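User: Please take a close look at one part of this model, the nonpolar interior. Then set that part in the context of the whole chain.

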Amino acid sequence: MIKNYIKIAFRNLWRHKSFSLINIVGLAVGMTAFLLIVMYVTFELSYDKFHTKGDQVYRLNVDIKSANDVMKLSQSTAPMGPALKAGFPEVLDYTRVFGDDEVVKVDNQQPFHEEKVLLAEPSFFTVFSFQLIRGDPKTSLKDPFCMVLTETTAKKYFGNADPMGKTLLVAGKYPVKVTGVAKDCPLNSQFKFDMLYSIATMESVSKGRLQNWGNFGNYTFLLLAKGANAAQLQAKFPAFLKKHISEENRKRGQDYNLYLMPLKDAYMDPRGGLEQGSMSNVYTFSIVALFILLIAAINFINLTTARATERAKEVGVRKVIGAARSQLTIQFLGESVILCLISLIVATVLISLLLPMFNQLAGKTISDGIFEHGYVFILVGIALLIGLVAGVYPALALSAFKPVVILKGRFSSSSKGALLRKSLVVFQFTISIVLIVGTLVVYNQISYMRNQPLGFEKTQRVTVNFGGDDNVTKNYQTIKNEFKSIPNVSMVSVSSGSPGAGNSNAHSELENRQGVMQPININMYDVDYDFMPMYGMKVIAGRAFSTDFPTDSTKSIVINEAAVRALGYTSANDAVGKKFSQWGRTGQIVGVVKDFHYRSLQQNVEPLNMRINPSNTYLFTMKIAAANVPATIAAIENKWKALVPQLPFNYDFVDANFNKQYATEERFGKLFMYFAVLAIFISCLGLLGLASYSTLQRTREIGIRKVLGASIPGIVNMLSREFMLLVLIAAFIAFPLSWYAMNSWLKDFAYKLPISWIVFATAGVLAFVIAISTVSFQAIKASLANPVKSLRSE
């Protein structure tokens, strides 16, 4: 019996090859896209879930409140962890983590610029579940100048030799002993380190650094006792802070608030961290995955139920010769499930082929295969569910009809069924148009951010990182002069950062409009005299730094317009000449520059100051000519190797480096576009199938119309008009939905391009053209058919 069912099922599939192919391809592509997105979302939500004590671990977040602003940080100060452990029994332990990058070498080998370096302490291995292969977790980070390497990094420097006890030279001057080897970091960890450097080293190099309550440069993680109430503990923090924040600072309008962020949520925290995800992207892709699966399922159900009515006579004959209703029900359900299982096999192959490409698009290895984490069982469940739902109508409805009625030809498809199919087509194209609008908005926003004037010159600027090397810092002027001697290099400067590549932050006091020294948390660049001309910054009040004023090197700062506003001044000129105090320096504000975007356009321009301090810099910037850039870079590299042989040559173009800030949005845009194209493709497959079915149903009508003189365009219009009306209805539903959804997405951007009506018009025209092209193919084919054959077939 079962063998017979299967044989009949495959016979029917083969007889209607085009419909079978549309069903299989549409559903397979839908399941492929759905599962790829599920893999991505699952990976994003799995960050830091592997820590055995993860439910007890919280990151300490800080709000720094000044008179006119609140700075929300995921970083805290070094003394906070020890003080919280001493003050609250709920805190079992703490660990502090500093992000760093270092130039590292072994003996006379080539130096490497290591960007994934963390400064940590022994409790790092108590709070977190990173495993040491070699070394003692209690002592490996206890002493100054000791380091833990990952397996891969240990092989990089020492090959297959035992790295334990070996010495690495860090920053060209610190011999550091290898005291441990850890397993490579899991991919779903925000702590992606190649080296762990002991915090005790920092205290040896910079005395008092770990006791400074005003330096927000580290992440603090607290391990709470089992059953401890984080909310109740957090409520005790204001009283705790009163003991440690001076009354003088409070009177000046500066205060802190502390918050506990669960480790499992830290990766998605908008404040940022060692690595940051986007819950907005997770929600967006989850909805897109659901939509694509719905579109594919709707196609399958639509085409399956539409074609079921053609088998009414088959049902009548089989019932006459004795087939029971249960047998017919099993037959139809079985055929539908078999079709879905074939789609499942195709989807499995597609996922295996596309996963490496998808990993590359996502910028991370989200999965190694479909058989991880039970993904294949998700597909099987989806296939069975869709197969059963699609088979229910023909299985129950057709098997219930009386054979006498069917065989007399009095059976016709239900008007309710036709209405349902039209509603589902509208739903499909509503989703497709929403996705088209979304794709256009994302790409317009990324293009806007890339091309928006930033307030500084970024083209033809090359940066070379020297990592604050003492030898370079002491001889920076000589090295600058050597670089300037290279043809096509017209200007050179040094700084503690470049726009888009990070900057430091300083707790400062600046004289405000009321004449009071106002505490302010201000972003800062340490620079030389050539920095502002290098980036073409426009001075709108006062003056730029100049060697004509000897005090500029010790008693002057230049601020931006955002700082002027934060101090309460209505005019930039009013801020010039006012006093400041910052990291042991006092003096005057000598100039104000027009606001420039030193960070992503997702963020507002915040208060910033620059000061002359070449001894605290790590970056050369060179302005080069547009002609023969490769030769210029080669000349800079040769000069670098001659002047600074102890350091690797690492360079970036400022414009490219600035645009790296949008890498996440660009990946999001690409993925969104690809999935939108897939959704439209699946919708068009369904439309093609329904158009083909509709044309088949009206074969006799088309033949009669042609005999009576109907033109080909007239017949095409007749067959297409109904579907175009459905697309038009879908567009009117989709436009307000997409406007609301994309406005919500744009809220994350401080600077954004308004959604123009052109976007909706473009999306509507695209959907209309795609739909009419799909339907017209079948309509033209039908209108060109010989009417004699059409009428004879009836």
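**The nonpolar interior**

Analyst: Start with Phe-675. Leaving aside residues up to four places away in sequence, Phe-675 touches Ala-33, Ile-37, Phe-285, Val-288, Ile-292, Phe-358 and Leu-435. The model is a predicted one.

Phe-675 belongs to the largest nonpolar core, which has 118 residues. Together with Met-31, Met-39 and Met-610, Phe-675 touches the most other members of that core. Which helix gives the largest share of this core? Helix α2, residues 17–45, supplies 17 residues, the largest share. In general, nonpolar side chains of soluble globular proteins tend to be buried together.

Another core lies apart from this one. That second core holds 24 residues, including Leu-60, Val-62, Tyr-94 and Leu-222.

Now turn to Ala-734. Ala-734 sits in helix α27, which spans residues 712–746. Is Ala-734 buried or exposed? Its relative accessibility is 0%, so Ala-734 counts as buried. Beyond residues up to four places away in sequence, Ala-734 touches Thr-430, Ile-433 and Val-434. Val-437 is 297 residues from Ala-734 along the chain, yet their C-alpha atoms are separated by 8.9 Å.

Helix α5 gives a view of a short segment. The helix covers residues 151–158, and its buried residues are Thr-153, Ala-154, Tyr-157 and Phe-158. Why do these residues line one face of the helix? Looking down the axis of α5, the buried residues fall within an arc of 105°, so they line one face. Strands are part of what covers them: β4 (91–105), β5 (112–120), β7 (146–150), β8 (167–170), β9 (174–182) and β10 (195–198) are included. Just after α5 comes Gly-159, with a positive phi of about 65°.

Next, the cysteines. Cys-146 is buried, at a relative accessible area of 3%. Cys-340 is buried too, at 0%. A search of the whole structure finds zero disulfides.

Finally, the whole chain. The chain has 794 residues, and 51% of them count as buried. Its secondary structure comprises 29 helices and 23 strands. Among contacts with a separation of 6 or more, 80% join residues 24 or more positions apart. The chain exposes about 35400 Å², and carbon and sulfur atoms supply 59% of that area.

Technical notes: Residues are numbered from 1 along each chain as its sequence is written. This is a predicted model: local features need pLDDT of at least 70, side-chain atom pairs count only at pLDDT 80 or more; totals for chains, interfaces and linings use all residues. Side-chain values use heavy atoms; hydrogens and water are left out. Helices (H or I, at least four residues) and strands (E, at least two) are DSSP runs, numbered from the N terminus. Buried means under 20% relative accessible area, exposed over 50%, partly exposed in between (1.4 Å probe, protein chains only). Contact means heavy atoms within 4.5 Å. A nonpolar core is a set of buried Ala, Val, Leu, Ile, Met, Phe, Trp, Tyr and Cys residues joined through side-chain atoms within 4.5 Å. The arc is that of the directions from the helix axis to the C-beta atoms. A disulfide is a pair of cysteine sulfur atoms within 2.5 Å. Accessible areas come from the Shrake-Rupley method with a 1.4 Å probe; for residues, only the protein chains shown count as cover.
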